[in-house]
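Me: I'd like to go through this one with you, mainly the strands, the charged pairs and the empty spaces. Can we take it piece by piece?

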Amino acid sequence: MMSRFSKSDCLDDLRRRILSTELEPGLDLDEAGLSRHYDMSRTPMREVLQRLQGEGFVVMSENRGAKVASMDISVLRTFFQTAPMVYANIARLACENRMGAQIDLLKRTQVQFAKATKSSDGAEAALANHQFHAIIGEMAHNTYLVASLARLQIDHTRMSQTFYRPAAPYETMLVLKAIEQHDAMIAAIEAREGALAIDLTLQHWDLSRDRMERFVRPDPLPVDVISFKDHTNAI
């Protein structure tokens, strides 16, 4: 009997569940249970998990099986030091290499992002934000940076679940500010204004950075992460 899920469907659904933290960082994955859930035999399920491992969503070991990629302090130290540089360089290259059809797709994704954000749907807002920045990555047409971006976005999207679930009026204003920043980034990329796109990208990063740190613990991470707005010459 044919499975209800293709391998492609299963991949997409597991990516979504990991990014939304429905499957929490570090969670052990029961291969047999997943096979039953997706009505899929063990061999194609193992292939799916191996694909997710290659993308950075899952870690597999011979003795302990598969688990969702964790986000420990050493991983996040590197994340907070690296992400703004990668995002800024991608924004600059997107201005140089973007295509009209990609701008249209970015605008449609922004509509979805704004809708989810204003309706306080934290999971959907985080996933739409993920797609928004992935499209900008595709605009850059740089194999090395896009690969780095894809890995960064796994942790970024999981942490941003906190940002898109504001707990106070001030935090709600920050989330609404993110919509405005996305609109400004689209305009800068469409106009091929690279310096402006870099500045807007770094402002966007700073907007959510403190809230993302709270995903890990209530106090700031013990890392030397400073605002990159004053260091664009290093980008």
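Reply: What follows goes through the strands, then the salt bridges, then the pocket and the cavities, and it all rests on a predicted model.

Me: Strands, then. Which strand pairs with β1, and in what sense?

Reply: Strand β1, residues 28-29, pairs with strand β3, residues 65-68, in the antiparallel sense over 2 bridges. Within that pairing, Leu29 has Ala66 of β3 as its bridge partner.

Me: And what about β2, how many bridges does that strand make with β3?

Reply: Strand β2, residues 58-61, and β3 pair over 4 bridges, in the antiparallel sense. One of the partnerships is between Ser61 and Gly65 of β3, and the link from β2 to β3 is a hairpin through 3 residues.

Me: OK, switching to charges. How many salt bridges are there?

Reply: The structure holds 14 salt bridges. One of them joins the side chains of Lys7 and Glu47, at 2.6 Å from N to O. Lys7 belongs to helix α1 and Glu47 to helix α3, residues 42-55, so this pair ties together parts that lie 40 residues apart in sequence.

Me: Are those two side chains buried or exposed, or something in between?

Reply: Lys7 counts as partly exposed because its relative accessibility is 39%, and Glu47 also counts as partly exposed, at 35% relative accessibility.

Me: What does Arg42 pair with?

Reply: Arg42 forms a salt bridge with Glu31, and their closest N and O atoms are 3.2 Å apart. This pair also links distant parts of the chain, with Arg42 in helix α3 and Glu31 in helix α2, residues 31-37, at a separation of 11 residues.

Me: Is Glu31 buried or exposed there?

Reply: Glu31 is buried, since its relative accessible area is 13% and the cut-off for buried is under 20%. Its partner Arg42 has a relative accessible area of 47% and is therefore partly exposed.

Me: Where does the Arg92 and Glu96 pair sit?

Reply: Both residues are in helix α4, residues 73-97, and because they are 4 residues apart, about one helical turn separates them. Their side chains meet in a salt bridge at 3.5 Å, N to O. Arg92 counts as partly exposed at 29% relative accessibility, and Glu96 likewise counts as partly exposed at 48%. Elsewhere, salt bridges that share partners join Asp12, Arg15, Arg51 and Glu55 into one network.

Me: Now the empty space. What volume does the largest pocket have, and how many residues line that pocket?

Reply: The largest pocket has a volume of about 380 Å³, and 17 residues line the largest pocket, with His130, Gln131, Ala134, Ala150 and Gln153 lying nearest its centre. The elements that give two or more residues to this lining are α1 (7-19), α6 (122-140) and α7 (143-163). Helix α6 provides the largest share, 6 residues.

Me: What kinds of residues are those, by class?

Reply: The lining of the largest pocket has 8 nonpolar, 4 polar and 5 charged residues.

Me: And how many cavities of 30 Å³ or more turn up?

Reply: A search of the whole structure finds 3 cavities of 30 Å³ or more. The largest cavity has a volume of about 130 Å³. Its lining is made of 14 residues, of which His133, His156, His204, Trp205 and Ser208 lie nearest the centre. Helices α6, α7 and α9 (194-213) are the elements that give two or more residues to the lining of the largest cavity, and α9 gives the largest share, 6 residues.

Me: What is the class make-up of that lining?

Reply: The lining of the largest cavity has 7 nonpolar and 7 polar residues, and no charged residues.

Me: Last one: which residues line the second largest cavity?

Reply: The second largest cavity, with a volume of about 50 Å³, is lined by Tyr87, Ile90, Ala91, His133, Ile136, Gly137, Leu149, Met185 and Thr201. The elements giving two or more residues to that lining are α4 and α6. By class, the residues lining the second largest cavity divide into 6 nonpolar, 3 polar and no charged. His133 appears in the lining of the largest cavity and in that of the second largest cavity.

Note on methods. Residues numbered from 1 in each chain as written. Predicted model: local features only at pLDDT ≥ 70, side-chain atom pairs only at ≥ 80, totals over all residues. Heavy atoms only, no water. 1 Å grid on protein atoms, 1.4 Å probe; cavity = no way out; pocket = protein on both sides within 12 Å on 5 of 7 lines; lining within 4 Å. Points joined across faces, edges and corners; volume = space filled by probe spheres on them. Nonpolar A, V, L, I, M, F, W, Y, C, P; charged D, E, K, R; others polar. Pairing = 2+ DSSP bridges. Salt bridge = Lys/Arg side-chain N within 4 Å of Asp/Glu carboxyl O. Buried < 20%, exposed > 50% of the residue type's maximum accessible area, 1.4 Å probe, protein only.
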